[in-house]
Amino acid sequence: MDSDQLEQRARVAATVVREAGALALDYFRRRGDLRIDSKGLQDMVSQADRECEDLIFARLSEAFPADSFLGEEGGLRGTGSAMWVVDPIDGTANFVRGIPHWCVSIGLIEDGRALCGVLYDPVADELFAGVAGGGATLNGAPIGVTGETDLRKARVGIGFSYRTPVAPHPGDIHALLDAGCEYLRLGSGALGLAYTAAGRLDGYFERHINLWDVAGGLIIVAEAGGRLSDFMTPDVVAEGNEILVATPGIYDQLRGLFDA
Ligand code: IPD
Ligand code: CA
Ligand code: CA
Ligand code: CA
């Protein structure tokens, strides 16, 4: 796609993510009434997740009928080479418990490349955005990763889910602590990437994450100057992948810790 088509998509995505965020926030504020279903161990979906995804699909498919659409809750629709990848609520476990750390994520992927991404945290009213070649922003102002080089001063976000074996997770935390690094487990992989891009964290690591969790955040981190693991492997839509993003000054050190 040319740069005009990309810019137009980034603009529409920013509008749509705000609209979906407002809908989700409304549910968050009266979540006592929320219907919640279980998808597996410590894995749930609410009516708010489904309705947000439906809203995003309706808006994007109306604006860009030839593009395809992959949503966490509804799967893949369409065959277009440009694919919108949507996580209607990232941080659902926080959302349903009233913890104000979750977001709506929309990314655009074509030929294995992340082209634009928007993440909206409606509680904080923060919109993180990135466009390939166009930089990364928070509420319109440019953002960038930290210049940290010393793990003893670094703060790294980590994630865990029961999709992967428990065994390596305590070892990952142990390795970080042994290196003098602070870690946080905030419960939204998407915001882990956005916070790294904005310099609030120095990196984010999770042994397995799905494409919809990070599709919005990948380009935001890249455009903010972060270093990323090779996430977009050919089977990533079906299988997900491990994710490591970090400020360049500590990326190799983190890689070494998690590979050890
Ligand atoms: C989850 C969150 C969590 C991460 C999990 C994801 P969801 O997404 O991003 O932080 O550790 O791997 O599945 O289920 O809240 O959309
Ligand atoms: Ca989920
Ligand atoms: Ca998610
Ligand atoms: Ca989700």
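A residue is taken as buried when its relative accessible area is under 20%. In this predicted model, that criterion is met in helix α2 by Ala 48, Asp 49, Cys 52, Glu 53, Leu 55, Ile 56 and Leu 60. Viewed along the axis of α2, these buried residues fall within an arc of 160 degrees, and they therefore line one face of the helix. An α-helix has 3.6 residues a turn, so residues three or four places apart point the same way. The length of α2 (residues 47–63) was also examined: at 1.5 Å a residue its 17 residues should span 24 Å, and the distance of 25 Å between its end C-alpha atoms agrees with that expectation. The N-terminal end of α2 is capped by Ser 46, of which a side-chain oxygen lies 3.1 Å from the backbone nitrogen of Ala 48.

Helix α2 packs on a sheet, where it touches β3, β4, β5 and β6, and its direction makes about 155 degrees with that of β5. This sheet is open and is formed by eight strands in the order β4-β3-β5-β6-β7-β8-β9-β10, with mixed pairing. Its edge strands are β4 (75–77) and β10 (141–142), each of which pairs on one side only. Within the sheet, β3 (residues 68–71) and β5 (residues 82–90) run parallel and are joined by four bridges, and the bridge partner of Leu 70 in β5 is Val 85. Helix α1 (residues 3–29) lies across β5, β6 (103–110), β7 (113–121) and β8 (126–131), running at about 30 degrees to β7. For α1, the 27 residues should span 39 Å at 1.5 Å a residue, and its end C-alpha atoms, 39 Å apart, agree with this value. The N-terminal end of α1 is capped by Asp 2, through a side-chain oxygen that lies 3.1 Å from the backbone nitrogen of Asp 4.

Positive phi values in residues other than glycine were found at two loop positions, Gln 42 and Asp 125. Gln 42, with phi near 55 degrees, belongs to the loop between β1 (36–40) and β2 (43–46), and at 58% relative accessibility it counts as exposed. Asp 125, with phi near 50 degrees, lies in the loop between β7 and β8; its relative accessible area of 40% makes Asp 125 partly exposed.

Another open sheet comprises five strands in the order β12-β11-β13-β15-β14, and its pairing is mixed. Strands β12 (182–184) and β14 (227–228) stand at the edges with a single partner strand each, so that one side of each is left without a neighbour in the sheet. Strands of a sheet pair through backbone hydrogen bonds, either parallel or antiparallel. The parallel sense is adopted by β11 (residues 155–159) and β13 (residues 203–209), which pair over four bridges; in this register Gly 159 stands opposite Glu 206 of β13, while Ile 158 stands opposite Phe 205 of that strand. By contrast, β13 and β15 pair in the antiparallel sense over five bridges, and the bridge partner of Tyr 204 in β15 is Val 245. Six of the seven residues of β13 are buried, so this strand is largely enclosed by the rest of the structure.

Two helices may be described in relation to these strands. Helix α4 (residues 168–178) packs on the sheet and touches β11, β12 and β13, its direction making about 180 degrees with that of β11. Helix α5 (residues 189–197) lies across β13 and β15 (241–246), and runs at about 155 degrees to β13. Asp 172 is found in helix α4 and has a relative accessible area of 6%, below the 20% limit, so it is classed as buried. Residues up to four places away in sequence being left out of account, Asp 172 touches Phe 205, Arg 207 and Phe 258.

Key:
Residues are numbered from 1 along each chain as its sequence is written. Chains are lettered from A and ligands numbered from 1 in the order in which they are written. This is a predicted model: local features need pLDDT of at least 70, side-chain atom pairs count only at pLDDT 80 or more; totals for chains, interfaces and linings use all residues. Side-chain values use heavy atoms; hydrogens and water are left out. Two strands pair if DSSP finds at least two bridges between them. Contact means heavy atoms within 4.5 Å. Axes are lines fitted to C-alpha atoms, for helices over the stretch in contact, and angles run from 0 to 180 degrees between N-to-C directions. Buried means under 20% relative accessible area, exposed over 50%, partly exposed in between (1.4 Å probe, protein chains only). The expected span of a helix is 1.5 Å times one less than its number of residues. The arc is that of the directions from the helix axis to the C-beta atoms. A polar contact is a pair of N or O atoms within 3.5 Å; within protein, one must be able to donate a hydrogen and the other to accept it, and residues adjacent in sequence count only if both atoms are side-chain atoms.
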